[in-house]
Amino acid sequence: MKETFYITTPIYYPSAKLHIGHTYCTVATDAIARYKRLRGYDVMFLTGTDEHGQKIEEKAKEAGVTPQQFVDEIVTGEGGILDLWKLMNISNDRFIRTTDDYHVAAVQKIFKKMYDNGDIYKGAYKGKYCTPCESFWTESQLVDGKCPDCGREVHDAEEEAYFFRLSKYAKPVQELLESGTFLEPASRVNEMINNFIKPGLEDLCVSRTSFSWGVPVDFDPGHVVYVWVDALFNYATAMGYMNDRYNDLDKYWPNVHHIVGKEIVRFHSIIWPAMLMSVGMPMPQKVYGHGWLVIDGGKMSKSKGNVVDPYVLAEKFGVDALRFFLLRTFPFGSDGNFSNELLINTINVDLANSLGNLVSRTTAMVEKYFGGTLPADRCHDALDDEISAMMKECTEKYAGFMDAFQPHLALEEAFRLIGRANKYIDESAPWVLAKDEANRARLATVLYTLLEAIRSALTMLVPFIPESCAKAFEQIGADAAAQAWEKAGEYGVLPAEVSVHKGETLFPRIDAAAMLAELEAMQEAAKKAALPALEVEPLTEETIDFDTFCKSDLRAVKIKNCEAVKKSDKLLKFTLDDGTGTDRIILSGIHKYYEPDQLIGKTAVAILNLPPRKMMGVESNGMLISAVHKEKGEEKLHLMLIDDAVPAGAKLC
Ligand code: ME8
């Protein structure tokens, strides 16, 4: 029987569309799951969505739909989370939604079980609550008076609530954290112990009465289960814990590995083990806390105008290139600074130049010198032995890194081999060998060695760029048997008379300047789209008395003439009939909105008793009244024009 390997991503909040940072975790987990399948494991890869909680309830209200409708749209709607994972070629075996009936019923049973065994009790909660994070905090946990997780404002909250005896589990959880490799990277262990366990674990508030979008506590109507209790148990209910929908718990549970972002390590490495201890479940094998993708050191967001939409990036660069970039560039345990320049550079250097060129040069030479099929004659030398030794060494090291959840280091091994193979082309100079018939066996050997090195590298790259590898395997003539992991480090696997099939360019080189300009234009458009459609200035709160208002001499004026002021691109000079019989000159900075001819003959409104003001050498005596507002951030202006039946000089009051 195959050994099992169970791996999970966090289940995502469908409170908004996902950005490229969310994609990072799922792509990494996918690469590890694919690698384990390649190694022959019986893999269970679970992902899903975490659909309850106050934030979702509020967002649904704002959108004027029910919470269920709201989450359905983001999870299953067009361009939603399910579509995104399909697009990104995510190979999950199961998908759980916490609104699934079987999960809801199971969470009720789990809650009751912990209540019955005395680990959940009723009390009253007073504390600081962070709505976006749905977390209560104590005063001492706040950072500068704000939520320690997200840095946002918290507010006082009090409610009757159920509590989980987290304090009871402080010692066994600390022992678990200190033993072996339950939590990685190791730096996160000290963080958890020093920041959370040593200051003293307090019991955890595990029910809410202030909103209703959650799993109801069935023995106490009005209470809903705290979203994190509901969410964490997804990993078990999706395997059949406390339900009949699935029956895989015994098979997969002992080998469960949780991949999570750093900000939710606390939930997974302290609260989760404590609750599992309470219900008598074995501990997971591992929690791995990866870093964050940031932009200029800060969080990603659409309002910053960043193109962080994975749909856009996948369309521009290709799914495989995007998957590759995420895992090649950033050490998995640390934060990484995302930028479009880095993305383009990684694709050009690693995929277009190193890998793409190696495949296209090699297959082109097999076609050019041998019509596409190598002859069986061989003539080996020490360089071939070096490549073959490296295939073995790199694949072994790669496996060690993948097993340790270090995809960036594993990829380094694949590219060490690719780099060596490119150098081997220059050292062997096939184009020189091709000049002499006597070198035919040596030339065939050089090309065969190259095909073997490519095959070995592709086997390592399959979990990261599966579709491109399938095409490249076809191009180098590697059948399914030659793609097996067991053969990855072996030399001599392709048939001696292997045939290549030169195909499309795997990774076209990207014109960095043009692409950056295109992305920048998109960013600007996104920024604009995020601005409010219409903005008017808030009303002035300060009042003025009636007499003060009456001091403003507002009059109807006829526009007799209008012309642009020389050397000014803003100012228009108006000659006005104000009813006195003497022309009045007013300058107005509205040329951006009107051509002079448009306004001649119209009736406008002006305030006349302002002190004279000189602009561009011309004296202005008053001000024309306009209406101003903003549309998508852009200032709009309408000159106040009134009925032409109103005579010049009529007072407005
Ligand atoms: O936390 N870079 O859901 P979520 C890297 N529902 N990873 C990022 C990221 C970024 N910029 N932004 C978010 C939740 N993530 C809970 C999980 S599990 C029982 C419940 C990661 O949608 C984040 O670290 O807010 C987390 O691991 C995942 O995306 C889901 O975040």
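This passage describes the surroundings of the ligand and the packing of two helices in a predicted model.

The ligand is surrounded by 23 residues, the closest of which are Ile11, Asp50, Gly261, Glu263 and Leu293. By class, this shell comprises 13 nonpolar, eight polar and two charged residues. Polar atoms of the ligand are approached by both backbone and side-chain atoms of the protein: a backbone N or O atom of Gly21 lies 3.2 Å from a ligand nitrogen atom, a backbone N or O atom of Gly261 is placed 2.9 Å from an oxygen atom of the ligand, and a polar side-chain atom of Trp292 lies 3.5 Å from a ligand oxygen atom. Of the 660 Å² that the ligand exposes when taken alone, the protein buries 93%. The secondary-structure elements that contribute two or more residues to the shell around the ligand are helices α1 (20-38), α8 (227-232) and α9 (234-237), together with strand β11 (256-261).

Two packed helices are described by the angle between their axes and by the distance between those axes. For helix α5 (residues 101-116) and helix α11 (residues 265-279), the axes come within 9 Å and cross at roughly 75°; because angles of 65 to 115 degrees count as roughly perpendicular, α5 is assigned as roughly perpendicular to α11. On the α5 side, the contact is formed by Ile110, Lys113 and Met114, which meet Met275, Ser278 and Val279 of α11. By residue class, the contact of α5 with α11 consists of four nonpolar residues, one polar residue and one charged residue.

How values were computed. Residues are numbered from 1 along each chain as its sequence is written. This is a predicted model: local features need pLDDT of at least 70, side-chain atom pairs count only at pLDDT 80 or more; totals for chains, interfaces and linings use all residues. Side-chain values use heavy atoms; hydrogens and water are left out. Axes are lines fitted to C-alpha atoms, for helices over the stretch in contact, and angles run from 0 to 180 degrees between N-to-C directions. Helices (H or I, at least four residues) and strands (E, at least two) are DSSP runs, numbered from the N terminus. Angles under 35 degrees count as roughly parallel, over 145 as roughly antiparallel, 65 to 115 as roughly perpendicular and the rest as oblique. Contact means heavy atoms within 4.5 Å. Ala, Val, Leu, Ile, Met, Phe, Trp, Tyr, Cys and Pro count as nonpolar, Asp, Glu, Lys and Arg as charged, and the others, Gly among them, as polar. A residue is near a molecule or strand if one of its heavy atoms lies within 4 Å of it. A polar contact is a pair of N or O atoms within 3.5 Å; within protein, one must be able to donate a hydrogen and the other to accept it, and residues adjacent in sequence count only if both atoms are side-chain atoms. Accessible areas come from the Shrake-Rupley method with a 1.4 Å probe; for residues, only the protein chains shown count as cover.
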